[in-house]
Amino acid sequence: MKVPFPIRTAIAAIRWPLSTPSMPMYYEPISSLQTLRQPNSIPSVLQPIISRGIAETINDLVIAIEYDIENVEEITLARHYTTLSLALVLLGNGLADEAHDLITPLSWNEDTYFGGPTMVAQADGSVIAVASYAHSLIHRREGFAQGEYAMMGYQNAQYWTNALDTRRNSLSAGGISATATATVLPFEQVRDAIGMISKNFGSEAESWCQQRLNGMNVCCWDPRFLHELSATVSRDENICKEFKEFASAACELELRVLLNYCLGRAGYECDDVLIAESPAQSAFISNPNTKDSTSEKLELDVNLAQTVANKVSSAHIGAFQSSASVTVRSVLRSVHVVDDNNPLRASRSAAAGLACRLLGSPAVKIARNSMDSSNADRDGTALHVILPLTESEGSNAKFGSAFYGGGPFGVGDAFACYDVDETDTDTDTGNEIGVQSFIPCDSSDTNAVFVDRFHGTRGDTPTSVLQWSKGTIHKSVT
């Protein structure tokens, strides 16, 4: 099962800023946090999750994979790792309290006011170990702010790293070898990832890694390394900018590696692109299947694209402009897919026409993959179009439309939504629900994949509702 699009969008936006003063946590339940937080303090990439409800989102994610699970124990394990995954996504986007509320019941053996009843007695040992690891990251994010038990965040992070050591020792005492314990916690991947990216941040970063990582065995990555580094670079104004950027990138990458691991244990197909969304990490992970979408001119059915563009009404455009998302029904009839030897071509063509009209642009081009650090084409916000071609894809596409309030999909329906800043593009439409991503461009742009022949031809005084809504008043179109 592919990671749903709204979750992938939130993963793409994960960052780990290091700054002072640190933001204190509320230590309140999720139900209270919704009223305590200012609406504009929640990143837009998380709005679909928050609007849907965090518990409901977890249920949706578990329901999507439980059909492939044979017994109750495995479903419980999948639910716990799904909870951990979503907690890490929230943490990486700045919602440490929400993450804390989800993590605490899986790592603390007492009930809490904010997290609710403990689930430690019902949780697998590996889940508790990973939850303890994630718990330490939450309090690292808390930084120098004073939190529970009058401890600073960094102090509490140390406590939970000690708890992680205890859990690891417990696993070893239970007959799990040191090598097997390393697979329960992705220490080797974290160590290798941080070692690799250090080459991008100068000699000081490389020296830091050599002193701490060289010669370590697979079990001995220590989260305390980054607790100490984060605290040091946050308060020392004399540290060079490049080394501070390394510290931030290393913390972000550690979280991404752990998230990638949790998603896999939950039952989702994750490739390493999920832990390499930002330019700093692109040197560590590369996806050999990723193509530069502008190096290959896509052949689209321009007549189909124009037909779909002309289906977009002023009501669709108004809805899109007010909410940054819209569902457009029956933009692609089954005949287009059946008669076309290349269904993907039909899907891309329809999506291009829809995007062009919604963006109000004379033309559109494919949004290049966000892993490309030299991406000169990302000069605008990407518009993502989800367009399922089969009933199966339509049912999976609920993770696009339903999350954003668009309702269930039928075959040929399209859902369009904005991303922010860092786009999660998949130009080869590798996921099940066929996501196409576009940015506006000029009709003279050599990378344009579709040019709207009727752009700007409505005129000031359209003579019919059809002309106004479809943009079909012709001037001198050749």
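Begin inside the protein: about 60 Å³ of space lies in the second largest cavity (volume is the space filled by probe spheres set on grid points joined across faces, edges and corners). The model is predicted, so local features need pLDDT of at least 70 and side-chain atom pairs pLDDT 80 or more, while totals for chains, interfaces and linings use all residues. Residues are numbered from 1 along each chain as its sequence is written, and side-chain values use heavy atoms, without hydrogens and water.

**First stop: the second largest cavity**

Select Val3, Pro4, Ile7, Leu61, Thr82, Ser85, Leu86, Val89, Leu263 and Tyr268, which line this cavity. On a 1 Å grid over the protein atoms alone, a cavity is a set of points where a 1.4 Å probe fits but cannot get out; a pocket is an open set with protein on both sides within 12 Å along at least five of seven lines; lining residues have an atom within 4 Å of a point. Helix H5 gives the largest share of the lining, 4 residues (helices, H or I of at least four residues, and strands, E of at least two, are DSSP runs numbered from the N terminus). By class, the lining holds 8 nonpolar, 2 polar and no charged residues (Ala, Val, Leu, Ile, Met, Phe, Trp, Tyr, Cys and Pro are nonpolar, Asp, Glu, Lys and Arg charged, the others, Gly among them, polar). A search of the whole structure finds 3 cavities of 30 Å³ or more.

**Second stop: the largest pocket**

Next, select Ser22, Met23, Pro24, Gly94 and Arg141, the residues nearest the centre of the largest pocket among the 26 that line it. The space in this pocket comes to about 570 Å³. Helix H6 (96–103) and helix H7 (125–142) each supply at least two lining residues, and H7 gives the most, with 4. The lining divides into 14 nonpolar, 7 polar and 5 charged residues.

Centre the view on Gly94, which is found in the loop between H5 and H6. With a relative accessible area of 36%, Gly94 is partly exposed (buried is under 20%, exposed over 50%, partly exposed in between, with a 1.4 Å probe and protein chains only). Now add Ser41: Gly94 and Ser41 are 53 residues apart in sequence, yet their C-alpha atoms are 9.3 Å apart in space.

**Third stop: helix H7 and Trp16**

Colour H7 along its length; it is mostly covered, with 16 of its 18 residues buried. Just after H7, Gly143 takes a positive phi of about 65°.

Then show the side chains of Trp16, Arg140 and Arg141. The charged end of Arg141 sits over the ring of Trp16, 5.0 Å from its centre (NZ of Lys or CZ of Arg must be within 6 Å of the ring centre and within 35 degrees of the ring normal). Arg140 also lies over the face of Trp16, at 5.8 Å from the ring centre.

**Fourth stop: the second largest pocket**

Move to Ile30, Ile54, Ala55, Ile58 and Leu102, which lie nearest the centre of the second largest pocket, itself lined by 26 residues. Helix H2 (30–36), helix H4 (54–66), H5 and H6 each give two or more residues to the lining. The largest share, 5 residues, comes from H4. The volume of this pocket is about 460 Å³, and its lining divides into 13 nonpolar, 8 polar and 5 charged residues.

**Fifth stop: aromatic pairs**

Now display the aromatic rings, which form 11 pairs (ring centres of Phe, Tyr and Trp, by its six-membered ring, within 6.5 Å; planes under 30 degrees apart are stacked, over 60 edge-to-face, the rest tilted). Select Tyr81 and Tyr261: their ring centres are 6.2 Å apart and their planes stand at 80°, so the pair is edge-to-face. Tyr81 lies in helix H5 (residues 72–92) and Tyr261 in helix H13 (residues 241–266), so that this pair links parts of the chain 180 residues apart. Both Tyr81 and Tyr261 are buried.

Select Trp208 and Phe246 next; with centres 5.6 Å apart and planes at 70°, this pair is also edge-to-face. Trp208 belongs to helix H11 (residues 202–213) and Phe246 to helix H13, so the pair ties together parts 38 residues apart in sequence. Trp208 counts as buried at 6% relative accessibility, and Phe246 is buried at 0%.

Widen the selection to Phe201, Trp208, Trp221, Phe225, Phe243 and Phe246, which form one aromatic cluster. From Phe225, follow helix H12, where Phe225, Leu226, His227, Leu229, Ser230, Ala231, Val233 and Ser234 are buried.
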